[in-house]
Amino acid sequence: MRSLLLPQGLRAAALLGAALLLGACSTEQGPDPWRPTNEKIFRFNEGFDKSLLEPVAKGYDGIMPSFFQAMIGTFFENLTVPRTFVNDLLQGKPLAAAQDVGRLTVNVLAGLVGFVDVASEIGIPKNDEDFGQTVGRWGVGPGPYLVVPFAGPYNVRDALATPLDIATNPSTFVNATGATVVRIVNTRAQYLEEIEQARKDSIDFYVFQRDAFLTSREREILDGKTPEIDDDLYELDDEDLYDLEEVEESPTQQPAEAQPSEEAPADGDSPDETP
Amino acid sequence: METLPMKRPEPLALSALLSLALLFAGPALADPAADARSAMQGTIDEVLKVLRGPGSDEQQRAQIETLAKQRFDFTTMSKLVLKRDWKRFSAPEQTEFVTQFTEYLSASYGTRISRYKNEQVATLGARNEGNGDVTVQTAIKGGQFDGATVDYRMRLLSGKWQVIDVVIEGISLVSNFRQQFADVIAKGGPKELLRRIKEKNEAGIVDAPPTSQPAAAQGTR
């Protein structure tokens with residue numbers, strides 16, 4: 001779903017930007033060296049989503065039965081099968097490539113020109129490969145994290161690979177702005193609850209989104225296998241310092257400070273309210 | 001020299017040794033992965049029973065939160081999430097953090113899980129980790145998120161297998177929150193983080209009707 005929200009023209013612009021930035025920066029400082037810029041674009045994207053895309057998607061969701069939404073989703077998904085096919089070959093997966101051919105054939109011929117996923121019904125697996133994953137599999141690292149206007153989370157590797165993804169999507173060769181809008185709104189409608197929940201769930205949605213994106217891309221490269229988590233993550237730091245008693249069983253003991261008012265901000269240094 | 005006086009007793013000694021070994025190895029032979037798995041399976045079954053049973057969404061969510069609190073070790077999760085920053089919290093702040101974070105996580109878990117009313121959960125397996133932890137692997141079956149994986153990292157703590165991390169589709173809660181929190185702490189210190197979590201808890205992570213959530217026992221305005 002990574003690239004679904006991105007209209008074609010913007011992709012090119014985004015890409016150019018990415019290439020320029022790539023030349024200018026090293027990747028020394030963790031996955032997000034361009035954070036200040038990224039965060040600005042992130043806020044812009046959030047604004048765009050909340051003021052336009054999400055409300056439109058909600059309206060659409062209200063009138064379009066989920067049954068049709070799924071069909072439309074399937075149709076656009078089928079358009080990415082050629083991309084997956086090429087990349088399965090590039091990754092040396094002839095069996096998967098054969099499945100892709102079978103999937104598209106079945107869905108086009110028996111699935112109302114691609115609106116019904118007959119292939120899944122009869123057990124043809126759905127693969128998902130793109131050029132970013134292929135290069136990743138070849139050993140190219142993700143490069144810095146990148147937030148693209150309107151498109152959201154990216155990394156430099158994937159951004160640079162995107163033109164090839166576009167070139168292998170049949171819809172590129174049809175001038176169909178209407179269809180693109182439908183695709184974007186339809187996709188957004190399918191994630192209404194998820195995104196709303198994620199916004200509510202996170203203390204810092206920017207960081208949440210970045211980690212979720214980077215991890216899931218890594219996972220896609222591994223074909224759905226969870227990337228190994230370093231055992232360090234689960235090591236407690238300096239045992240002696242933990243003199244905390246078990247508090248779970250005694251919720252009554254609230255520190256006095258917690259009581260008086262819910263807003264009581266720390267000494268004047270907490271200006272930014274989450275909207 | 002082929003009298004071999006020594007050879008006779010050998011089989012006997014061997015079998016004695018073997019049974020001795022078995023005797024001591026007995027407890028050690030118990031499979032931690034299997035234990036952790038059955039513990040987690042028990043909790044999942046109970047959660048599903050609640051979801052399919054009677055009661056309003058609110059009541060169900062409360063019940064699920066209770067179940068989660070029994071199986072999750074929120075204190076350990078808190079320490080893991082804060083890692084080095086834990087030291088920057090004073091003792092009362094630490095206590096406060098665990099309380100608030102527990103509230104926050106169990107509410108969020110409760111909401112997420114309660115959406116899976118019509119889905120099944122399949123336990124796929126359990127894996128021993130290098131440090132003695134066990135990862136229990138599950139997946140959602142059916143619905144929009146068919147095939148989504150949910151792994152529970154478990155640790156034997158005071159004799160009980162407890163969840164110390166949940167990895168949803170490869171995304172670790174501990175790791176994700178650590179990144180989110182480290183930033184907030186770096187900029188505003190422990191106080192700011194506590195303020196933000198409390199704010200979330202009071203606003204209700206879930207879209208709960210105003211009357212629900214008695215859990216946050218503070219004087220709500």
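In the predicted model, helix H4 of chain B, which spans residues 74-82, packs against helix H5 of the chain, residues 91-114, with the two axes 9 Å apart and at an angle of about 105 degrees. An angle of 65 to 115 degrees counts as roughly perpendicular, and H4(B) and H5(B) are therefore assigned to that class. On the H4(B) side the contact is made by B:Phe74, B:Thr75 and B:Ser78, which meet B:Phe97, B:Val98, B:Phe101, B:Thr102 and B:Leu105 of H5(B). Sorted by class, the residues of this contact comprise 5 nonpolar and 3 polar members, with no charged residues.

The loop between H4 and H5 of chain B contains B:Lys83, a residue other than glycine whose phi is nevertheless positive, near 45 degrees. B:Lys83 has 17 other C-beta atoms within 10 Å and is therefore classed as partly exposed. A positive phi, of about 55 degrees, is also found at A:Val113, again not a glycine. A:Val113 is located in the loop that lies between helix H5 (94-110) and helix H6 (118-121) of chain A; because A:Val113 has 11 C-beta neighbours inside 10 Å, it counts as exposed.

Strand pairing in chain B involves S3, S4 and S5, described here in sequence order. Strand S3 (residues 149-157) runs antiparallel to strand S4 (residues 160-168), and the two are joined by 8 bridges; within this pairing, B:Val150 is placed opposite B:Ile168 of S4(B). S3(B) and S4(B) make up a hairpin in which 2 residues separate the strands, and B:Ser158, in the turn, has a positive phi of about 35 degrees. S4(B) pairs in turn with strand S5 (residues 171-172) of chain B, in the antiparallel sense and over 2 bridges, with B:Val167 having B:Ser172 in S5(B) as its bridge partner. A hairpin is likewise formed by S4(B) and S5(B), with 2 residues between the strands and with a positive phi of about 50 degrees at B:Glu169 in the turn.

As regards confidence, the mean pLDDT of chain B is 81, and 80% of the residues in this chain reach 70 or more. Residues 1-6 of chain B have a pLDDT that stays under 50, and the model shows 0 contacts for them beyond four places in sequence. In residues 207-221 of chain B the pLDDT is also below 50, although this stretch has 12 contacts in the model beyond near neighbours in sequence. For the complex, the predictor gives an ipTM of 0.73 and a pTM of 0.74.

Methods:
Residues numbered from 1 in each chain as written. Chains lettered and ligands numbered in written order. Predicted model: local features only at pLDDT ≥ 70, side-chain atom pairs only at ≥ 80, totals over all residues. Pairing = 2+ DSSP bridges. Helix = DSSP H or I, 4+ residues; strand = E, 2+ residues; numbered from the N terminus. pLDDT = per-residue confidence, 0-100. Contact = placed C-beta atoms within 7 Å. Axes fitted to C-alpha atoms, helices over the stretch in contact; angles between N-to-C directions. Parallel < 35°, antiparallel > 145°, perpendicular 65-115°, else oblique. Nonpolar A, V, L, I, M, F, W, Y, C, P; charged D, E, K, R; others polar. Buried ≥ 20, exposed ≤ 12 C-beta atoms within 10 Å, placed from the backbone.
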